[in-house]
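The following exercises are to be worked with the sequence and the coordinates at hand. Each consists of a task and a solution in steps.

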Amino acid sequence: MENKYIRESRTVKSSVVLPPDTNNHGTLFGGKLMAYIDDVAAISAIRHARKHVVTASTDSVDFLQPIKEGYSVCLESFVTWTKTTSMEVFVKVIAENLLTGERKVCAVSFLTFVAMGEDGKPTPVPKVIPETEEEKWLHEHAPERAIARKKRREESKKLAKEFGVKKPWDSI
């Protein structure tokens, strides 16, 4: 399996924030932005693996600035790091006031995807080759994020086991 340049997975998606996409503050719904993030990140992961993928985790979505109605929202994503069957994808979200040209980074996120084979099981993916300073920095720091991700996943498993599937209204 040949290694691939990070740029080969780069994906860009732009949209105008319209009234149905906004909350009572006139800004983009957080859930709508999260759906955009998952969509663009999945495209990057599929481009890299050339296989079907599943979202394994979203590390976080940090909403840094609101995105107002009438602005454009532009998402850029690319695979930053791989393990055997998984890929870390970075997503940067930029809002632009289309009338003034002012642009702001409004959110950043890291997601993990797993490539799936024809048999429905995880399958190997190519390694990535970073080229730009941004890509090199993200690639170099990915193992630290992977450790934090693994720790968070273990905590989630503990919570799931502790709280189980009992319905809240059954404990009365």
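The unreviewed UniProt entry annotates residues 7-119 as "domain: HotDog ACOT-type". The model examined here is a predicted one.

**Exercise 1. The annotated span and the whole chain**

Task: Determine how much of residues 7-119 is helix and how much is strand, and state which pattern of elements the protein chain follows along the sequence.

Solution.
Step 1. Within residues 7-119, helix makes up 18% and strand 48%. The C-alpha atoms at the two ends of this span are 29 Å apart.
Step 2. Two helices and seven strands make up the secondary structure of the protein chain. Their order along the sequence is β-β-α-β-β-β-β-β-α.
Step 3. Along its principal axes, the box filled by the C-alpha atoms of the protein chain is roughly 60 × 45 × 30 Å. The protein chain has 172 residues, of which 40% count as buried.
Step 4. Among contacts in the protein chain with a separation of 6 or more, 74% are between residues 24 or more positions apart.

**Exercise 2. The sheet**

Task: Establish in which order the five strands form the open sheet, and explain why one side of S2 and of S3 is left without a neighbour.

Solution.
Step 1. The order of the five strands is S2-S4-S5-S6-S3, with antiparallel pairing.
Step 2. Strand S2 (11-16) and strand S3 (52-63) are at the edges and have a single partner strand each; therefore one side of each lacks a neighbour in the sheet.
Step 3. On average, and with direction ignored, neighbouring strands of this sheet are turned by 25° against each other.
Step 4. Six bridges pair S2 with strand S4 (residues 72-82) in the antiparallel sense. Opposite Ser14 stands Cys74 of S4, and opposite Thr11 stands Ser77 of S4.
Step 5. S4 and S5 run antiparallel and are joined by ten bridges. Val73 has Ala95 in S5 as its bridge partner. The hairpin that joins S4 to S5 passes through three residues.

**Exercise 3. The helices against the sheet**

Task: Identify which strands helix H1 touches and which strands helix H2 lies across, and give the angle of each helix to S4.

Solution.
Step 1. Helix H1 (residues 30-49) packs on the sheet and touches S2, S3, S4, strand S5 (86-96) and strand S6 (103-116). The direction of H1 makes about 45° with that of S4.
Step 2. Helix H2 (residues 133-163) lies across S3, S4, S5 and S6, at about 80° to S4.
Step 3. As for the covering of S4, eleven of its eleven residues are buried.

**Exercise 4. Three residues classified by accessibility**

Task: Decide for Trp81 whether the residue is buried or exposed, and do likewise for Arg50 and Phe163.

Solution.
Step 1. Trp81 belongs to strand S4. Its relative accessible area is 15%; a residue is buried under 20%, so Trp81 is buried.
Step 2. Beyond neighbours within four places in sequence, Trp81 is in contact with Ser86, Met87, Glu88, Val128, His139, Ala142, Pro143 and Ala146. Thr55 is 26 residues from Trp81 along the chain, and their C-alpha atoms are separated by 15 Å.
Step 3. Arg50 is located in the loop between H1 and S3. Its relative accessible area is 60%; exposed applies over 50%, so Arg50 is exposed. Arg50 is not a glycine, yet its phi is positive, at about 55°.
Step 4. Phe163 is part of helix H2. With a relative accessible area of 58%, Phe163 is exposed. From Phe163 to Cys106 the C-alpha distance is 34 Å, with their positions 57 residues apart in sequence.

**Exercise 5. The largest pocket**

Task: State what volume the largest pocket has, and find which element gives the largest share of its lining.

Solution.
Step 1. The volume of the largest pocket is about 450 Å³.
Step 2. Its lining consists of 17 residues; nearest the centre lie Thr112, Ala146, Arg149, Lys150 and Arg153.
Step 3. S3, S4, S5, S6 and H2 are the elements that each give two or more residues to this lining.
Step 4. H2 gives the largest share, namely six residues.
Step 5. One residue links this exercise with the preceding one: Ala146 is among those nearest the pocket centre, and Ala146 is also in contact with Trp81.

How values were computed. Residues numbered from 1 in each chain as written. Predicted model: local features only at pLDDT ≥ 70, side-chain atom pairs only at ≥ 80, totals over all residues. Heavy atoms only, no water. Pairing = 2+ DSSP bridges. Helix = DSSP H or I, 4+ residues; strand = E, 2+ residues; numbered from the N terminus. Axes fitted to C-alpha atoms, helices over the stretch in contact; angles between N-to-C directions. Contact = heavy atoms within 4.5 Å. Buried < 20%, exposed > 50% of the residue type's maximum accessible area, 1.4 Å probe, protein only. UniProt positions renumbered as here; feature names shortened; annotations may be inferred. 1 Å grid on protein atoms, 1.4 Å probe; cavity = no way out; pocket = protein on both sides within 12 Å on 5 of 7 lines; lining within 4 Å. Points joined across faces, edges and corners; volume = space filled by probe spheres on them.
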